[in-house]
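Student: I would like a close look at a single helix in this model, followed by a short account of the chain around it. Could you take me through it in one connected answer?

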Amino acid sequence: MRDLTRRRNGMVDTQIARRGIRDRRVLDAMREVPREAFVGAGFEDAAYEDGPLPIGEGQTISQPYIVALMIEAAEIRPGDRVLEVGAGSGYAAAVISRIAGQVHAVERHGSLAGSARERFSRLGYANVLVHVGDGTRGWPDEAPFDAILVSAGGPDVPQSLKQQLAIGGRLVIPVGLEEGRQTLLKVTRAGHTDFDEESLGSVMFVPLIGEQGWTEDGRRAALRDGPSPARGLSLPEMIAGVAEPLPDLDDPSFGRLFDRFAGRKVVLLGEASHGTSEFYRARAAITRHLVNHHGFNIVAVEADWPDAAVIDRFVRHRQARGRAGPAFRRFPTWMWRNTDVDSFVGWLRDHNGQLAPEQRAGFYGLDIYNMGASIAAVLAYLDDVDPAAADVARHRYGCLTPWQREPSDYGRAALSAGYGKCEQPVIQQCRELLSNELAYAQEDGDSCLDAAQNARLVASAERYYRVMYYGGAESWNLRDTHMFETLCQVLAARGSESKAVVWAHNSHVGDARYTEMGILRDELSIGQLCREHFGQDAALIGFGTHSGTVAAASDWEGEMEVKDVRPSRRDSYERLCHDTGIPRFLLDFSRHDAVRLALAEMRLERFIGVIYRPETELMSHYADASLSRQFDAFVWFDETRAVTPLGPEHRPGELPETYPFGL
Ligand code: SAH
């Protein structure tokens, strides 16, 4: 026995402490529990080896290091109430019992549970109770628990286990669809409906078999939705197994699939380009549904306030502003002046027509106030005084809407001395433009843009324009922070019950902390700010496509062209979606843990903006991202078409109907 104590200490030192387990309580408990008492007869000698061992019924006792890792991650403290699912030999439960107040261990095999019980009574471990049953359902009679450890791998995190966590409680569980390989997950219950999640690396466990785990023959047992994937699938097969096919865009059931987001305060809908018809029509269908059935009264888009205000007056049946021209006349005109937006705007006006004025859903622009007009003014000025500087500025702005990588531009900027000299007059011009616009808005008495916001805009305008002028991460961050602040302002102005749908590019809507933008460039996004501010009350929904056509320019202020979208790269998320063979679908990461984990690994994602340069596609338009962390859900259209722009010639003679866009 003395010999085994020495070997046990050796195990703790070399296999556990040296691998980074620091929690003193865990190390002490591992020194205390005689592992040899938990291995099958004849295996006592192997008890301190660095691996799992058979315990009968085809099951194993976990590797000591994994037991220590899970217990440390579960942050078990004296007095805690702990549930272990998959008691097996009872070894892990025994270690936990040396730290916690009370341990409940569930095992589905009666014979294993019986042996474990005997071991505890022989050792005098009185605070461990072994139950026979299906632990995927937890153990409701003893809930809530401060910590839950699951010693077998499931396809998802069982809902029952999450629900049986105390607030602040920790759940540690291996999750994955592959045979014998899972990701060890730590789920912390931050609030009643709020769960944080952290991945602790790859592990190998026997399957978790039960109502909310696998069936005996390796299929997923409990289904919250959709078809049931089997273990051991490729990534596209896994996605196909949980993807919810989308009906036709005009089918009313399209919007109903998004009912799950109806309770959120803010639903952000992305797009993978600024010129794809399907993205606009899908967002219109979802928005119509949310406005019609779920009390959303704000549509807030990635656009200039003054332009959006023209649309807003139209859809809310308010008087057109005398001096205002038609909306969205500046580059990139097709982004909002297109047939899809036109029909959505028409719908919104009709819908609002049946409502009292204060109930009407409004249409708001979130962007830096009058950014488009300011950029146009800057470029016009530079064209006159320093064409080389104008050229640099055009490239810079190409990078601003939306995110895009153009390494060559940095060098070009440095070469243009005239650029810096123009700064003062350019900013002066922008300032004048801004004060004129604000004066109009004030006459207008627009309640969302009150005096306080005007003051904020004027105070920060100079900074905005100066930073915009130089481009880079700071201008991006100012812009997205501004969009977020404007959104909050509009939400507040429309009352405490207000709810918003946001339309913006994936690069704004996604959580930038999980993309190259945030990780390498310190850029943030409105989606990230919404998550930080609203938590579970915000839904971030990304959109993607494989191939087809897109409306885009080759340079800032260039002509709109209909370009072919190159088939997605082999190493991209888009290709995984394409390989599912499903033409359009919704992938809800919150409902499918294994797929969420698999799609959390960094991979290329495509970002097409108002500018698309297929020649340099990888460099210009792909960035690394963790798709399932960037978004809560992803909407897929395998094949997509360019938007149809409204030209000046659009429907001549029908001016009243096309009023907001009419020229
Ligand atoms: N913690 C154990 C590990 C045992 S292996 C130890 O230290 O020895 C995992 C155990 O989980 C197996 O005994 C298996 O029978 C059990 N198991 C699998 N699915 C289960 C379920 N739904 N409920 C309870 N036990 C389960």
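Tutor: Let us take helix α9, which runs over residues 277–294 and so has 18 residues by the DSSP assignment. From its first C-alpha to its last, α9 reaches 25 Å, close to the 26 Å expected at 1.5 Å a residue. Bear in mind that this is a predicted model, and that the values quoted here are computed from it. As for its surroundings, α9 is mostly covered, with 13 of its 18 residues buried, where buried means under 20% relative accessible area. The helix is followed by Gly 295, whose phi is positive, near 75°.

The wider chain gives this helix its setting. There are 25 helices and 20 strands in the chain, and 60% of its 663 residues count as buried. Among the contacts in the chain with a separation of 6 or more, 71% are accounted for by residues 24 or more positions apart. The accessible surface of the chain comes to about 25,100 Å², and carbon and sulfur atoms hold 50% of that area.

For a view of the surface, turn to helix α20, which covers residues 516–521 and contains Ile 519. Ile 519 counts as partly exposed because its relative accessibility is 48%, and partly exposed is the class between under 20% and over 50%. Together with Leu 520 and Met 602, Ile 519 makes a nonpolar surface patch of about 310 Å².

Definitions and conventions: Residues numbered from 1 in each chain as written. Predicted model: local features only at pLDDT ≥ 70, side-chain atom pairs only at ≥ 80, totals over all residues. Heavy atoms only, no water. Patch = residues over 30% accessible without salt bridge, like charges linked within 9 Å, V, L, I, M, F, W, Y side chains within 5 Å. Areas by Shrake-Rupley, 256 points an atom, 1.4 Å probe, with all protein chains shown as cover. Salt bridge = Lys/Arg side-chain N within 4 Å of Asp/Glu carboxyl O. Helix = DSSP H or I, 4+ residues; strand = E, 2+ residues; numbered from the N terminus. Buried < 20%, exposed > 50% of the residue type's maximum accessible area, 1.4 Å probe, protein only. Expected span 1.5 Å × (residues − 1). Contact = heavy atoms within 4.5 Å.
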